[in-house]
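Let's take a walk through this one together. Have the sequence and the model open side by side, and we'll work from the inside out.

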Amino acid sequence: MSRSQGNVAADSLELCLGYAERLLKDVTPEQFGRLAVVNGQVIESNHPAFVYGHLSLYGPRILSELGQPGPVVPEGFQAIFSKDAKCVDDSNGTVYPEMAKVTQAFFDGYKAALPALRSLPDSAFQAENPMSGRMTELFPTLGSLHAFYCGGHMMIHLGQVSAWRRMMNLGAA
């Protein structure tokens, strides 16, 4: 069986999106931006607001870099959810956008990327990675970069939510 490079990335993305949906089970809006506290100690580990917000930057990026239309990153998200931003405890619900807005941006971006990934010819994924430095060394083509964004990158961060769930006594998803 032959699978295009876009279909391979989309297969992984679909698995990740299902896991991302399950990880939200029983998470309340009040907990969404909170750091876990275990035995009275605050654990500095990314919470769901930060993880889903950070990941929401990449669905639109995939589409844009492949020259496809789609949703854009909501205003203000880049500043608070970039790779250089620090995840903080949002005890008053004033640091991060509300849960529904963050999760909608996350799912809308990636769900828009799925059909684009599946429809593009392999040649679209052979374009050079527009980033520079280490990311281009690791992922020289758009295909290798977006395969990472649709799989490894997402699972790294969703694993943080899985650990957070356990610290919050929400159990496995």
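Keep in mind as we go that this is a predicted model. A good place to begin is with F106, which, once you set aside its neighbours within four places in sequence, is in contact with L17, A20, Y52, L55, S56 and M154. F106 also belongs to the largest nonpolar core, a set of 49 residues in which Y52, F106, Y110 and L117 touch the most other members. Who contributes to that core? Two or more residues come from each of α1 (5-23), α2 (48-55), α3 (58-65), α4 (77-81), α5 (99-119), α7 (142-149) and α8 (152-167). The largest share, ten residues, belongs to α5.

Now slide over to α1. This helix has 19 residues and spans 27 Å from its first C-alpha to its last, close to the 27 Å expected at 1.5 Å a residue. Which of its residues are buried? Follow the helix along and you'll pick up G6, N7, A9, A10, L13, C16, L17, Y19, A20 and L23. It helps to remember that an α-helix has 3.6 residues a turn, so residues three or four places apart point the same way. As for partners, the buried residues of α1 pack against α2, α5, α7 and α8.

Next, have a look at α3. Its buried residues include Y58, G59, P60, I62 and L63, and the buried residues of this helix pack against α2, α5, α7 and α8. Just past the end of α3 you'll meet G67, which takes a positive phi of about 70°.

From α3 we can step into the largest pocket, since α3 and α7 each supply at least two residues of its lining. The space in there comes to about 220 Å³. If you want to colour the walls, select H54, L57, Y58, R61, Q78, S82, K83, M131, M135, F148, Y149 and H153. Sorted by class, that lining has six nonpolar, four polar and two charged residues. Y58 is worth a second glance: this tyrosine is buried in α3 and also lines the largest pocket.

Then there's the second largest pocket, with about 150 Å³ of space. Its lining is made up of 14 residues, and P29, E30, G33, D90 and G93 lie nearest the centre. Here the split is six nonpolar, four polar and four charged.

Let's finish with a few spots outside the helices. Q126 sits in the loop between α5 and α6 (134-138). Which residues does Q126 touch, not counting those up to four places away in sequence? The answer is Q5 and T141. With Q5, the C-alpha atoms are separated by 9.5 Å, although the two residues are 121 residues apart along the chain.

Two backbone oddities round things off. D26, in the loop between α1 and β1 (36-38), has a positive phi of about 70° although it is not a glycine. Is D26 buried or exposed? Somewhere in between: D26 is partly exposed, with a relative accessible area of 47%. Further on, in the segment after α8, N169 also has a positive value of phi, near 60°, in a residue other than glycine. N169 is exposed, with a relative accessible area of 71%.

Technical notes. Residues are numbered from 1 along each chain as its sequence is written. This is a predicted model: local features need pLDDT of at least 70, side-chain atom pairs count only at pLDDT 80 or more; totals for chains, interfaces and linings use all residues. Side-chain values use heavy atoms; hydrogens and water are left out. A nonpolar core is a set of buried Ala, Val, Leu, Ile, Met, Phe, Trp, Tyr and Cys residues joined through side-chain atoms within 4.5 Å. Buried means under 20% relative accessible area, exposed over 50%, partly exposed in between (1.4 Å probe, protein chains only). Helices (H or I, at least four residues) and strands (E, at least two) are DSSP runs, numbered from the N terminus. Contact means heavy atoms within 4.5 Å. On a 1 Å grid over the protein atoms alone, a cavity is a set of points where a 1.4 Å probe fits but cannot get out, and a pocket is an open set with protein on both sides within 12 Å along at least five of seven lines; lining residues have an atom within 4 Å of a point. Grid points are joined across faces, edges and corners, and a volume is the space filled by probe spheres set on the points. Ala, Val, Leu, Ile, Met, Phe, Trp, Tyr, Cys and Pro count as nonpolar, Asp, Glu, Lys and Arg as charged, and the others, Gly among them, as polar. The expected span of a helix is 1.5 Å times one less than its number of residues.
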